[in-house]
Amino acid sequence: MHYMVNIYKDIKIINADNLTYAGNLENLKGVENNPNYTFVEADICDKEAIEDISNNNGIDYVVNFAAESYVDSSIRELEVFVKTNVLGTATLLNAAKKQW
């Protein structure tokens, strides 16, 4: 996130994160007060939350960094892996398609 916020200073970046085991607000120190950055606590599988973010912010691009890629977790909790990686991505794409 630091890289994106600091490189793309003319682009408003909205970070939607559900703050699960991998989410940590401490990791965002240094960008949280940046004028082109906004944090929203939201699950990318939550259709209403994602559509609200999309509709209220004039989204031009969607980048999904929410993939569940930790192998041990994906094996133990396959449903969480599939929900985030497949359904979450579909939710993001559908919200973008609807808004665009």
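Which residue takes a positive phi just after H2? In this predicted model, the residue is glycine 58, with a phi of about 55°.

## Helix H2 and its ends

Helix H2 spans residues 47-57. At its N-terminal end, aspartate 46 acts as the cap, with a side-chain oxygen placed 3.2 Å from the backbone nitrogen of glutamate 48. Beyond the other end of the helix comes glycine 58, the residue with the positive phi.

Within H2, the buried residues are Ala49, Ile50, Glu51, Ile53 and Ser54. The spacing of such residues can be read against helix geometry. An α-helix has 3.6 residues a turn, so positions three or four places apart point the same way. The buried residues of H2 pack against three elements: strand S1 (13-17), strand S2 (37-41) and helix H4.

## The nonpolar cores

The largest nonpolar core consists of seven residues, namely Ala42, Ile44, Ala49, Ile50, Ile53, Leu92 and Ala95. H2 and H4 each contribute at least two residues to this core, and the largest share, three residues, is supplied by H2. A second core, separate from this one, has five residues, including Val5, Ile13, Val31 and Tyr37.

Isoleucine 50 and leucine 92 illustrate how the main core is assembled from distant parts of the sequence. The two residues are separated by 42 residues in sequence, yet their C-alpha atoms are 6.8 Å apart. When residues up to four places away in sequence are set aside, isoleucine 50 touches Asp43, Ile44, Thr91, Leu92 and Ala95. On the same basis, leucine 92 touches Ile44, Ile50, Val62 and Asn64. Leucine 92 belongs to helix H4 and counts as buried because its relative accessible area is 14%, under the 20% limit.

## The salt bridge between H2 and H4

The structure contains one salt bridge. It joins the side chains of glutamate 51 and lysine 98, with an N to O distance of 3.3 Å. Glutamate 51 lies in helix H2 and lysine 98 in helix H4, so that the pair links distant parts of the chain, 47 residues apart.

The two partners differ in their surroundings. Glutamate 51 is buried, with a relative accessible area of 15%, whereas lysine 98 is exposed, at 57%. Glutamate 51 is thus a charged residue listed among the buried positions of H2, alongside Ala49, Ile50, Ile53 and Ser54.

## Threonine 84 in helix H4

Helix H4 covers residues 78-99 and includes threonine 84. Threonine 84 is classed as buried because its relative accessible area, 14%, falls under 20%. Apart from neighbours within four places in sequence, threonine 84 is in contact with Ile44, Cys45, Ala66, Glu68 and Thr89. One of these partners, Ile44, is also a member of the largest nonpolar core.

## A nonpolar patch on the surface

Nonpolar side chains also appear at the surface. Tyr3, Ile7, Tyr8, Ile11 and Tyr61 form a nonpolar surface patch of about 570 Å². Isoleucine 7, one of the residues of this patch, is located in helix H1 (residues 2-7). Isoleucine 7 is partly exposed because its relative accessible area is 46%, a value between the 20% and 50% limits.

Conventions
Residues are numbered from 1 along each chain as its sequence is written. This is a predicted model: local features need pLDDT of at least 70, side-chain atom pairs count only at pLDDT 80 or more; totals for chains, interfaces and linings use all residues. Side-chain values use heavy atoms; hydrogens and water are left out. Patches are made of residues with over 30% relative accessible area and no salt bridge: like charges are joined within 9 Å, nonpolar side chains (Val, Leu, Ile, Met, Phe, Trp, Tyr) within 5 Å. Accessible areas come from the Shrake-Rupley method with a 1.4 Å probe; for residues, only the protein chains shown count as cover. A salt bridge is a side-chain nitrogen of Lys or Arg within 4 Å of a carboxyl oxygen of Asp or Glu. Helices (H or I, at least four residues) and strands (E, at least two) are DSSP runs, numbered from the N terminus. Buried means under 20% relative accessible area, exposed over 50%, partly exposed in between (1.4 Å probe, protein chains only). Contact means heavy atoms within 4.5 Å. A nonpolar core is a set of buried Ala, Val, Leu, Ile, Met, Phe, Trp, Tyr and Cys residues joined through side-chain atoms within 4.5 Å. A polar contact is a pair of N or O atoms within 3.5 Å; within protein, one must be able to donate a hydrogen and the other to accept it, and residues adjacent in sequence count only if both atoms are side-chain atoms.
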